[in-house]
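Please examine the sequence and the three-dimensional structure shown below. The paragraphs that follow lead from the overall arrangement of the chain to individual residues.

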Amino acid sequence: MNFLLDYYLWIVVFHIVAVMSWMAMLFYQPRLYVYHTEHKEKKEFVEVVKIQELKMYKYIGMPAMWATLASGFLMVALQPEMLKGDGWLHAKIFFVLLLVAYSFSLGHYRKELEKGNYTKEGKFFRAYNEVPTVLAVLIVGYVVTKTFSLSFTVITLLIGSFIIYKVLNHKSKEKKN
């Protein structure tokens, strides 16, 4: 693996591009579910959205997730000293694992919607769409500062929770009338 050290920065570049592709899916997939659930009576529209959901998830998001994880593992294997310190990398890995679980949950919801099982409403997916943003803020914060801050983590989680709460309790103009 020592020969790979010469390519470490290229591995970092690959990792960043993989993360960007994965995050594109994480940000957009729940939005597709909003369209899907809120327009379920429009069969032709839903069929187009189902194709988008499948392609975004299976051909962009999941390969990008696996590329992110593989390149991240490789970076740590090449520079294990990153694991030493105040725990910023451990925190990052924890929140990345939550993003992995979130990704698989999107796959579960995609399959349910594909079958026509509408157990969640558009409002749920609007709120669910905020989760990867909150996790991304935490992850990027740890990576950029190379430090773990409990106050940063708690404040970010509280703000994210408040935003999700507001999205879930938002009254649309149509329902007010």
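From the N terminus onward, the elements of the protein chain follow the order α-α-α-α-α-α-α-α. The model is a predicted one. In total the chain has 8 helices and 0 strands. Its C-alpha atoms fill a box of roughly 60 × 35 × 20 Å, taken along the principal axes.

The chain as a whole can also be described by its surface and its contacts. Of its 177 residues, 38% count as buried. The accessible surface comes to about 10,900 Å², and 68% of this area belongs to carbon and sulfur atoms. Among contacts with a separation of 6 or more, 78% are accounted for by residues 24 or more positions apart.

Aromatic rings offer a good place to look in detail. How many aromatic pairs does a search of the whole structure find? The search finds 12. One of them is formed by Y102 and Y128, whose ring centres are 4.6 Å apart and whose planes make an angle of 35°. This pair counts as tilted because its angle is neither under 30 degrees, as in stacked rings, nor over 60, as in edge-to-face rings. The pair links distant parts of the chain: Y102 belongs to helix α4 (residues 88-114) and Y128 to helix α5 (residues 122-128), with their positions 26 residues apart in sequence.

Are these two tyrosines buried or exposed? Y102 has a relative accessible area of 4% and is buried. Y128, at 18% relative accessibility, counts as buried too, because the cut-off for this class is under 20%. Both residues are also members of a cluster in which ring pairs link Y33, Y102, Y109, F124, F125 and Y128.

Rings may also have a charged group placed over them. The residue F124, a member of the cluster, has K120 over its face, at 4.8 Å from the ring centre. In another case, the charged end of K40 sits over the ring of Y118, 4.8 Å from the centre of that ring.

Next, consider T68, which is located in helix α3 (residues 43-78). Its relative accessibility is 5%, so this threonine counts as buried. Which residues does T68 touch, if those up to four places away in sequence are not counted? They are H15, A18, V19 and W22.

The surface has a feature of its own. F3, Y7, W10, V13 and V17 form a nonpolar patch there, with about 590 Å² of accessible area together. Helix α2 (residues 8-38) gives the most to this patch, with 3 residues. Another member, Y7, lies in the loop between α1 (2-5) and α2. With 46% relative accessibility, Y7 counts as partly exposed, because this class lies between the limits of 20% and 50%.

Finally, helix α2 also contains F27. This phenylalanine has a relative accessible area of 35%, so it is partly exposed. Leaving aside its neighbours within four places in sequence, F27 is in contact with N129, P132 and T133. By contrast, F27 and S71, which are 44 residues apart in sequence, are 21 Å apart in space from C-alpha to C-alpha.

Definitions and conventions. Residues are numbered from 1 along each chain as its sequence is written. This is a predicted model: local features need pLDDT of at least 70, side-chain atom pairs count only at pLDDT 80 or more; totals for chains, interfaces and linings use all residues. Side-chain values use heavy atoms; hydrogens and water are left out. Rings of Phe, Tyr and Trp (its six-membered ring) pair if their centres lie within 6.5 Å; planes under 30 degrees apart count as stacked, over 60 as edge-to-face and the rest as tilted. Helices (H or I, at least four residues) and strands (E, at least two) are DSSP runs, numbered from the N terminus. Buried means under 20% relative accessible area, exposed over 50%, partly exposed in between (1.4 Å probe, protein chains only). A charge sits over a ring if NZ of Lys or CZ of Arg is within 6 Å of the ring centre and within 35 degrees of the ring normal. Contact means heavy atoms within 4.5 Å. Patches are made of residues with over 30% relative accessible area and no salt bridge: like charges are joined within 9 Å, nonpolar side chains (Val, Leu, Ile, Met, Phe, Trp, Tyr) within 5 Å. Accessible areas come from the Shrake-Rupley method with a 1.4 Å probe; for residues, only the protein chains shown count as cover. A salt bridge is a side-chain nitrogen of Lys or Arg within 4 Å of a carboxyl oxygen of Asp or Glu.
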